[in-house]
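The following questions and answers introduce a structure to a reader who has not met it before. Please consult the sequence and the model while reading.

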Amino acid sequence: MSSSNVNHLAQPCIYGNIVSSYGERKSRLMRWLSKVFQGGGSRRRAATGVQQPGDGNVILRAPTRSSDDRSRANREKEELDRAVAASLNEDLSKPNGYRWRTANDEDLARTLHDSLNSAPYNPQYGPRDYYPEAYRKCGGCEREIVQGNYLGCMGTFFHPECFCCFACGHPITELEFSLSGKDTYHKSCFKELTHPKCEVCHQFIPTNGAGLIEYRCHPFWSQKYCPSHEHDNTARCCSCERLESWNTRYISLGDSRSICLECMESAIMDTGDCQPLYHAIRDYYEGLNMRIDQQIPMLLVERIALNEAIEGEKHGYHHMPETRGLCLSEEQTVTSVSRRPRMERCGLVGMRTQLQKLVRRCDVTAILVLYGLPRLLTGAILAHELMHGWLRLNGYRHLRHEVEEGICQVLARLWLESEVLSIPSTTFTASSSSSSSSSYSPWSASKKGGKSTVENKLGEFFMHQIAHDASPAYGGGYRAAMAAVNRYGLRRTLDHIRLTGTFPE
C-alpha cells in the first residue's frame, strides 16, 4: 500500500520530549505487518467490485469463505494482535525520552489487514482511503474534534473545555450534571438557580419526609422561609408580619412586640405625636358628612394597658387575634405613653407613661391605640375605632357583630385608599357640599408629598389585610359592607343599617 494513502490519518498522542519520525515508525510497522501477511495475499479470493459512475467509490461484495478460510483469518488476526503487542512492548522498553505511540496505530494495522482480506491491490482504482469511524463536530466551539479526549452528551460531542455550565460558564468536569432543555449546568449552579432559599436563614430550604421542598410564603410580601421558623422564636414584625432575617435586626418595643426598620421609619411613638393624625381623620369623617362633635380622648398605650382595658370593657369590640385598638364606653384609669422612647444601641429606652382617669361624658369614653405602629396602620385603626364611636353617638344600637365590624373596616379601608391611592372622600358619598370637601384632611394632604415608596407599600399591605381577612366578622363583614357601599353609596348603606340592622342587598 502506498504511504500517501495513510500518512494523513496518523494523529500521534506524544508523551515525552523526543520522538521518532513518522516515516521511521511507519516503516517499522510495515515490516511487522509483512511478517504477519507473508504469502497471505496469494491465498485470498478476490471480491467483485463495481465502480459507481461519477465518483471513485468502490462497493465491495464480501466473498464467500470456507471454514478453512475463516480459521486462517482467525489465525492471521491473532498474529496481528501479537505483532501490535510486541511493538508496544518494544517501545515501552526504550529510555524515557524516546517513547512514542500513535492513537491510530492499531486501527491502521487492522485496516490494512481488512483491506488485504477484502481484495487484492488493484492499481486501477487504488486502495480505499481510510477515514475515522465518524466525523465529530464540537457542539460548543463548532470545530472538528480531530484528536484528544472528547465528551458525548445528548447526541452531540464536545471538547472537554467546551462542555460548559450555562450559568457560570466554567467547564463541567463532574461525573453528574443538570440539564434544563438543551442547557447544561453544574449541579451546584442549577441548585442555586432553582432551589428556593429561606429568606430568614438564607439556607436552601430542606426537603420534608416525602422528599418534597416544603416552605411557607407570605401571601403579600412573598417572603419564603423554612417551616421551622414559625416555631423557633424567630421575631415577626407586629406591623407588616414579616419574619426577621438573620442579617437584619428588628427593634423590640418592650411589650413582647418587635418592629422592622421599614415600619419603624414612620412609627408613631406617643400620644402627642398622634394628635395631628387623629384630627386629620376626624376631618376626613367631616368630609364624608359624618362630623363627630364630641371631643373623644385618644391615647396611645402599651400592649399590657390595652389588654387591661379590654378586660374592663363590657361591650367593647376589639381586633382579634392581635388587639390594636379599642373604643371605650366605660370609665377606666388607663396608662398612656406620654413621651416617646429614644433609640439606643441596646434598644428603646426613656419612655415615659402616665395614669389617666377616663370619665364618661357621652356614649364613648375614649379611643385607645397601640403605640409604635406605622402612621398608616395607626390611622387605619383610628378610622376603624372612630366609626365605632360615630355609630354609638348616632343611635346605631345592638348591631350584629359582623355588621358593625364590617362597616368599621370599610371606613378604615376608605381612609387608606385616600392616603395611598389619593382617592378623595367624596367618591363614596351620595352628595357633599363644597365646604365639606374643602375641609378634607389638610394635614394628611401635606403628608402625602413626604410619603416614601416603602410607606406606600405598607399602605397597600394594610389594605390587603382588610380585604383578605378570613374571620367572619372582620373579613366576611367587610366584604358584605363594601359590596353594599359600592352599589348604593355610603350614606344609603348607613341609612339601611339604621332601619334594618343589615346591609342592603
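Q: What area does the protein chain expose, and what share of it do carbon and sulfur atoms supply?
A: The model is a predicted one. In it, the protein chain exposes about 27,800 Å². The share of this area supplied by carbon and sulfur atoms is 50%.

Q: How many helices and strands does the protein chain have, and what percentage of its residues count as buried?
A: The secondary structure comprises 15 helices and 19 strands. The chain has 505 residues, and the portion that counts as buried is 41%.

Q: Among contacts between residues at least 6 apart in sequence, what percentage join residues at least 24 apart?
A: Contact here means heavy atoms within 4.5 Å. Among such contacts in the protein chain between residues at least 6 apart in sequence, the part that joins residues at least 24 apart is 59%.

Q: Is helix α9 largely enclosed by the rest of the structure or largely exposed, and how many of its residues are buried?
A: Helix α9 covers residues 375-393 and reaches 26 Å from its first C-alpha to its last, close to the 27 Å expected. Just after α9, G395 takes a positive phi of about 80°. The helix is largely enclosed by the rest of the structure, because the number of its 19 residues that are buried is 18.

Q: Which residue in β18 stands opposite G325?
A: G325 belongs to strand β13, where G325 and C327 are buried on one side and L326 and L328 on the other. In a regular strand the side chains alternate between the two faces of the sheet. Strand β13 is joined by four bridges to strand β18 (residues 366-370), and the two run antiparallel. The residue in β18 opposite G325 is V369.

Q: Why is C240 not bonded to the closest cysteine sulfur, and how many disulfides does the structure hold?
A: A disulfide requires two cysteine sulfur atoms within 2.5 Å. The sulfur of C240 lies 3.6 Å from that of C237, so the distance is too great for a bond. Likewise, the sulfur of C165 is 3.8 Å from the closest cysteine sulfur, in C189, which is too far for a bond. The number of disulfides in the structure is zero.

Q: Is R413 buried or exposed, and which residues is R413 in contact with beyond its neighbours within four places in sequence?
A: R413 lies in helix α10, which covers residues 401-420. R413 counts as buried because its relative accessibility is 16%, and buried means under 20%. Leaving aside neighbours within four places in sequence, R413 is in contact with M463, I466, A467 and Y478.

Definitions and conventions
Residues numbered from 1 in each chain as written. Predicted model: local features only at pLDDT ≥ 70, side-chain atom pairs only at ≥ 80, totals over all residues. Heavy atoms only, no water. Expected span 1.5 Å × (residues − 1). Buried < 20%, exposed > 50% of the residue type's maximum accessible area, 1.4 Å probe, protein only. Areas by Shrake-Rupley, 256 points an atom, 1.4 Å probe, with all protein chains shown as cover. Pairing = 2+ DSSP bridges.
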